[in-house]
Each structure stands twice: as structure tokens, then as C-alpha cells.
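Thanks for coming. I will take the strands, then the cysteines, then the charged pair, and finish on one loop residue.

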Amino acid sequence: MSENSKLNHCLNCNASENEMPLVNLVYSGKPAYICSRCLPILIHKPEMLVGKIEGAEKISAAKHDH
């Protein structure tokens, strides 16, 4: 197993933990990671993650007053 395969990667852009800070998350009982650059997508446009994280189509975007 190579060193790169042991690294965690962003579920959206595939950046490794050596390239970008990653946030650890759990959704539907499954662990995943998202980088700080892609976190706004999870918050504001989760539909863009369909096919990248199981059940993304069920995630609602954050509601804003602005």
C-alpha cells in the first residue's frame, strides 16, 4: 500500500490532507472528509455533491436571511 493511499482525501475535489485542511464528518453512519475550500459547497450547494457522497440529494442547503 502506498503512502498516498493512506491519506484522507476531500470527497469533492480529492485534495489530500497534505494539500488542504480536511474536516472530518459523518453522514448516514459513514465517515467522510471535505476540505476547507469545498466546505461551502456542502453548506450552500449540497446538490453539487450528488454522486460523491451517498444520500447527498437528501441534504438541504442552509437557509439565509440575506
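Strand E1 runs from 22 to 27, and it pairs with strand E2, residues 30-35, in the antiparallel sense over six bridges. This is a predicted model, so please hear every value as computed from it. Within that pairing, Val23 of E1 faces Ile34 in E2. The two strands make a hairpin, with two residues between them. Ser28 sits in the turn, and its phi is positive, about 55°.

Next, the cysteines. How many disulfides does a search of the whole structure find? The search finds zero. Cys13 is in no disulfide, and the nearest cysteine sulfur to its own, that of Cys35, is 3.8 Å away. The cut-off for a disulfide is 2.5 Å between the sulfur atoms. Cys35 is likewise in no disulfide; for this residue the nearest cysteine sulfur belongs to Cys38, 3.6 Å away.

Are these two cysteines buried or exposed? Cys35 has a relative accessible area of 0%, so Cys35 is buried. Cys13 has a relative accessible area of 33%, so Cys13 counts as partly exposed.

Now the charged pair. Side chains of opposite charge can pair when their charged atoms come close. The structure holds one salt bridge. Which residue does Lys30 pair with? The partner is Glu54, and the closest N and O atoms are 2.8 Å apart. Lys30 belongs to strand E2, while Glu54 lies in the segment after helix H2 (39-44), so the salt bridge ties together parts that are 24 residues apart in sequence. On the Lys30 side, the relative accessible area is 43%, so that residue is partly exposed. Glu54, at 60%, is exposed.

Last, the loop residue. Where is Ser16 found? Ser16 is in the loop between helix H1 (3-6) and strand E1. Its relative accessibility is 4%, and because the cut-off for buried is under 20%, Ser16 counts as buried. What does Ser16 contact, once neighbours within four places in sequence are left aside? The contacts are Leu7, Asn8, His9 and Leu22. Of these, Leu22 falls in strand E1, which spans 22-27.

To recap: E1 and E2 form a hairpin, the search finds zero disulfides, and the one salt bridge is between Lys30 and Glu54. That is all from me.

Key. Residues are numbered from 1 along each chain as its sequence is written. This is a predicted model: local features need pLDDT of at least 70, side-chain atom pairs count only at pLDDT 80 or more; totals for chains, interfaces and linings use all residues. Side-chain values use heavy atoms; hydrogens and water are left out. Helices (H or I, at least four residues) and strands (E, at least two) are DSSP runs, numbered from the N terminus. Buried means under 20% relative accessible area, exposed over 50%, partly exposed in between (1.4 Å probe, protein chains only). Contact means heavy atoms within 4.5 Å. Two strands pair if DSSP finds at least two bridges between them. A salt bridge is a side-chain nitrogen of Lys or Arg within 4 Å of a carboxyl oxygen of Asp or Glu.
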